[in-house]
Amino acid sequence: MDFRIARRAGAWIFMSILVVTQLYPLVWLLLYSFKTSSEIVSGQFFALPKRFMWENYVDAFTSGNYLKYIGNSIWVTGITLVLTLVLSGMVSYAITRFKWRYGNIVMLVFLVGIMIPIQSTLLPLMVIFKNMSILNTHAAIIIPYVAFSIPLAVFILSGFLRGIPHEIEESAMIDGASIYRIFFSIVLPITVPPIMTVTILTFISIWNEYIIAATFLSADSLKTLPFGVNSFVGQYTANYGSIGAYLVLGALPVITFYFILSDKITKGMVAGAVKG
Amino acid sequence: MAPSVWEGKLVNGVLKVGKWTLAVFVLPCLLFYLAFVFAPIMVSVYYSLVEWAGMGDQVFVGLNNYKVLFTQDPIFWPSVLRTLYISLASLLQVPIAIVVAILVSRYVRRPNFLISSYFLPVILSVVVIGQLWKSIYNPASLGGMLNQMLIKFGLESWTKTWLGDTDWAIFALCFVIFWQYIGYHVLIQFTGVQNISSDIYEAASIDGAEGFKADRYITLPLLSPVIKISVVLAAIGSLKAFDLIVVMTGGGPANTTEVISTHMYYMTFNSFKYGYGSAISTFLVAFCLVMTVLLNLAFKRAEEAAS
């Protein structure tokens, strides 16, 4: 019996250590963001701030274009999501439900894309976008975001569409519905669970994306949140409290989102991993 | 839509549609994808055969870029090894995640809080994580938590500028990757453990298999498909490390944290060696495809050996 208690205690200690390792850096950042620079360098890493320095947040907020970056991120992520879902939804439907010769080959072409690292297309895309003169516009980042979100989306959506019973389409056809009506008003509405999964996976990766934005954009008014956060940190190197505040602000939207939808997000991320 | 377009028929549960309908459904996505994923890769292969600084003429040099890359570049091979090293180090997450998942599902009645706290770093941007850990690794006099902690515990001799130390920077980076993704693996394994029916454990306990014995003979074998997922994710994690390295160390100090993709990035966008950068980029694509094939082969072997 004693052995069991010891084992249980051991298990709890182990799990708690992991919780502390995972959460403490974030808590530390929160405290850090409310301290003065002299408190931060004083070595009292565990202490609460003597006075909560909301000034750090005011500083970050006013000099950091925060709302502009958030707006850009919402816009870019939103467009990417809509385009990814419509494009890959249609092609997945064609791959799984239409009778045509090249369905499997097309599927394979999309699957190879899952393995291709996005970094390896940076230079050619830059040259292409320069020729299209869309470098330093949001189109230059939305295009690669959509292109690289498509493979996983096609994979997840076609996995689901393959399994829906064909009676659904049959009865719609007897009623004389066109294929477009069948797709948009009958098939899409029942495809909600995999669409959720794709939305969550795409949202997390596009909302957080940094390198493409940093390579293809330079105007401050176009930057997305991660790029904006990095630029802010680069500019205010010695103002520790404000940097901390800006990092907290940078993490805030996605953490809020996670608190509201944590169940859906964890489920979506597992589904995405299982299928990807 | 005009009725003439719609020539749909349902045969054995598959729709027979006209050419135009098919084109409307397939071409937008396929062409977009080919134009912005495949074509760039092809263009990149072509660039790898020229010498070009972005402006002026492209001089065709054949395979010379590759020759220089494979035989004269002092950064290249170490960066390949480091990429593999980060992959292997990331694999260590999997056994830890399995143990945690088993413990959580055995001892915790309301596991949501634990699992969510483990998972939280996964959804944060690499920029936030990179900058946060840069602050943690800072020297104590600049507010670095890790060094301040060591001083507090009387281990002053252990303090260092973690990201500026040629021996330690790569470990410091690997730890951050570990920290960010361990929660993902715990979540995946935990879901796997939850999906194992409790009937099996009950049946096993009648046969005297409980605790660690049950884990060894029931949980692990039944988890193997889920373990495979974690292994694949961890192995490709070394590529995701790219942004983190750009944010945290930029490949330094003295190129000791350089991986294939950072080397490609800096050669292309900092040194403007477009042709040379494209050769590295082509190598990277080939490297990823070969890694994927090898991983799949390894899994096939393992499955055959198990059956």
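How far apart are the end C-alpha atoms of residues 12-34 of chain A, and how much of the span is helix? The ends lie 32 Å apart, and the span is 91% helix and 0% strand. Before I go on, please note that this is a predicted model.

I picked that span from the UniProt record. An unreviewed entry there places the feature "transmembrane region" at several stretches of chain A, among them 12-34 and 74-95. The stretch 74-95 of chain A is 100% helix and 0% strand, with its end C-alpha atoms 31 Å apart. UniProt, again in an unreviewed entry, also lists "domain: ABC transmembrane type-1" for residues 70-261 of chain A. Over residues 70-261 the chain is 78% helix and 0% strand, and the end C-alpha atoms are 19 Å apart.

Next, the domains. In chain A, the domain assignment gives domain 1 as residues 2-57 and domain 2 as residues 64-235. The C-alpha centres of these two domains of chain A are 38 Å apart. For chain B, domain 1 is 9-47 and domain 2 is 76-257, and their C-alpha centres lie 39 Å apart.

Now two helices. Does the length of α10 of chain A agree or disagree with what its residue count predicts? It has 16 residues, 192-207, and at 1.5 Å a residue these should span 22 Å; the end C-alpha atoms are 21 Å apart, so the two agree. Buried residues in α10(A) include Pro194(A), Ile200(A), Phe203(A) and Trp207(A).

In chain B, helix α6 covers residues 126-137, which makes 12 residues. From first C-alpha to last, α6(B) reaches 16 Å, close to the 16 Å expected. This helix is mostly covered, with 11 of its 12 residues buried. Among the buried ones are Val126(B), Gln131(B), Trp133(B) and Tyr137(B).

Tyr137(B) leads to another residue. Its C-alpha atom and that of Thr161(B) are separated by 6.7 Å, although the two are 24 residues apart along the chain. Thr161(B) sits in the loop between α7 and α8 of chain B. Is Thr161(B) buried or exposed? Neither: its relative accessible area is 41%, and partly exposed means between 20% and 50%, so Thr161(B) counts as partly exposed.

On to cavities. How many of 30 Å³ or more does a search of the whole structure find? The search gives 7, and the largest has a volume of about 80 Å³. Its lining includes Ser90(B), Tyr181(B), His185(B), Leu233(B) and Lys240(B). The elements giving two or more residues to that lining are α8 and α10 of chain B. By type, the lining of the largest cavity divides into 5 nonpolar residues, 4 polar and 1 charged.

Last, some backbone geometry. Most residues other than glycine have a negative phi, and most peptide bonds are trans. Chain B has exceptions. The peptide bond from Gly252(B) to Pro253(B) is cis, with omega near -5°. Pro253(B) is in the loop between α10 and α11 of chain B, and Asn255(B) is also found in the loop between α10 and α11. Asn255(B) is not a glycine, yet has a positive phi of about 60°; with a relative accessible area of 34%, Asn255(B) is partly exposed. Phe272(B), also not a glycine, has a positive phi of about 55°. Phe272(B) lies in the loop between α11 and α12 of chain B, and is partly exposed at 43% relative accessibility.

Terms used. Residues are numbered from 1 along each chain as its sequence is written. Chains are lettered from A and ligands numbered from 1 in the order in which they are written. This is a predicted model: local features need pLDDT of at least 70, side-chain atom pairs count only at pLDDT 80 or more; totals for chains, interfaces and linings use all residues. Side-chain values use heavy atoms; hydrogens and water are left out. On a 1 Å grid over the protein atoms alone, a cavity is a set of points where a 1.4 Å probe fits but cannot get out, and a pocket is an open set with protein on both sides within 12 Å along at least five of seven lines; lining residues have an atom within 4 Å of a point. Grid points are joined across faces, edges and corners, and a volume is the space filled by probe spheres set on the points. Helices (H or I, at least four residues) and strands (E, at least two) are DSSP runs, numbered from the N terminus. Ala, Val, Leu, Ile, Met, Phe, Trp, Tyr, Cys and Pro count as nonpolar, Asp, Glu, Lys and Arg as charged, and the others, Gly among them, as polar. Domain bounds come from an automatic or database domain assignment. UniProt positions are given in the numbering used here, feature names are shortened, and annotations may be inferred rather than shown by experiment. The expected span of a helix is 1.5 Å times one less than its number of residues. Buried means under 20% relative accessible area, exposed over 50%, partly exposed in between (1.4 Å probe, protein chains only).
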